[in-house]
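User: Could you take a close look at one part of this model for me? I'd like to start from a single side chain and then see how it sits in the rest of the chain.

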Amino acid sequence: VKLDAWHTPSLPLLRAAFPTVPVVGLARDPVEVLVSSERQRGAHMVPGALPPEGFGMTWDEVVTLPPADYMARVLSHLLDAMLAADVDLHVDHADLAAARGRVLDLFDVDETAETAALDLVSTRHAKTPERSYADDSADKQRSASPALRTAAERLARPSYEEFSSRARAAGGTPA
């Protein structure tokens, strides 16, 4: 089961309900996440679409924060929730392909038996499966507005760096 980002604060409840199911935490560079969210917003990135208390904010903050700051605060809250949760493996998006073996081992999946299906799934775009996946990290880094980059660095970068540190320690991201 792939959860949407805004479900991350519910990980303790899901772990309690399904204690034997492994959990992989996946995170991406905050600038890239925020550029993606600007282009195609999930409900959690639309101010007021979901209760702000779920992201550690008040309604007053929702209506006064600049959009980039709102999204960066949401992202930081979600990263912090993942850091506080009982996650079996932290994986940085930049190393997702290289972490494939560790993820499959965690779920006790025989890679050789599932190679064709895995190869097919790994070539598709997660948000729009009808499209082929192409690494867009450089494009997103280039296209980030100064306000978005500043918000990402100031509000979400510290949590992402902690996540990335855990991923490196687990072999989920190269040093």
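How buried or exposed is tryptophan 59, and which residues is it in contact with, leaving aside its neighbours within four places in sequence?

Analyst: Tryptophan 59 comes out as partly exposed, with a relative accessible area of 44%; that puts it in the class because the value falls between the 20% cut-off for buried and the 50% cut-off for exposed. Bear in mind that this is a predicted model.

As for where it sits, tryptophan 59 belongs to helix α3, which covers residues 59-64. Setting aside neighbours within four places in sequence, its contacts are Gly48, Leu50, Pro51, Pro52 and Glu53. Take glycine 48 from that list: it is 11 residues away from tryptophan 59 in sequence, and the C-alpha to C-alpha distance is 7.6 Å.

Leu50 is a handy link to another residue, since it is in the contact list of tryptophan 59 and also in that of histidine 44. Histidine 44 sits in the loop between α2 (30-39) and α3. With a relative accessible area of 9%, histidine 44 is buried, whereas tryptophan 59 is partly exposed. Beyond four places in sequence, histidine 44 touches Asp4, Ala5, Trp6, Leu50, Phe55, Tyr70, Val74 and Leu78. Aspartate 4 is 40 residues from histidine 44 in sequence, yet the two are 9.5 Å apart in space, C-alpha to C-alpha. Three other partners, Tyr70, Val74 and Leu78, fall in helix α4 (residues 67-84), the element with the highest mean pLDDT, 96.

Helix α4 also turns up when you follow the chain back to α2, whose buried residues pack against α4, α7 (137-143) and α8 (146-169). Eight of the 10 residues of α2 are buried, so this helix is largely enclosed by the rest of the structure. The buried ones are Pro30, Val31, Glu32, Val33, Leu34, Val35, Ser36 and Ser37. Note that a glutamate is on that list.

For contrast, look at aspartate 108, in the loop between α5 (100-106) and α6. Its relative accessibility is 71%, so it counts as exposed. It also has a positive phi of about 55° although it is not a glycine. Helix α6 (residues 111-121) has the lowest mean pLDDT among the elements, 69.

Now for the whole chain. There are eight helices and two strands, and from the N terminus the order is α-β-α-α-α-β-α-α-α-α. The radius of gyration is 17 Å, close to the 16 Å that the globule rule gives for 175 residues, so the chain is as compact as a globular protein of that length. Along its principal axes the C-alpha trace spans about 50 × 40 × 35 Å. Of the 175 residues, 37% count as buried. If you take contacts between residues at least 6 apart in sequence, 69% of them join residues at least 24 apart.

On the surface side, the accessible area comes to about 9,800 Å², and carbon and sulfur atoms account for 59% of that. The charge count is 18 positive and 26 negative side chains, with the centres of the two sets 5 Å apart. As for confidence, the mean pLDDT of the chain is 88, and 91% of its residues reach 70 or more.

Technical notes
Residues numbered from 1 in each chain as written. Predicted model: local features only at pLDDT ≥ 70, side-chain atom pairs only at ≥ 80, totals over all residues. Heavy atoms only, no water. Helix = DSSP H or I, 4+ residues; strand = E, 2+ residues; numbered from the N terminus. Rg over C-alpha atoms; globule rule 2.2 N^0.38 Å. Buried < 20%, exposed > 50% of the residue type's maximum accessible area, 1.4 Å probe, protein only. Contact = heavy atoms within 4.5 Å. Areas by Shrake-Rupley, 256 points an atom, 1.4 Å probe, with all protein chains shown as cover. Lys, Arg positive; Asp, Glu negative; His and termini not counted. Charge placed at Lys NZ, Arg CZ, Asp CG, Glu CD. pLDDT = per-residue confidence, 0-100.
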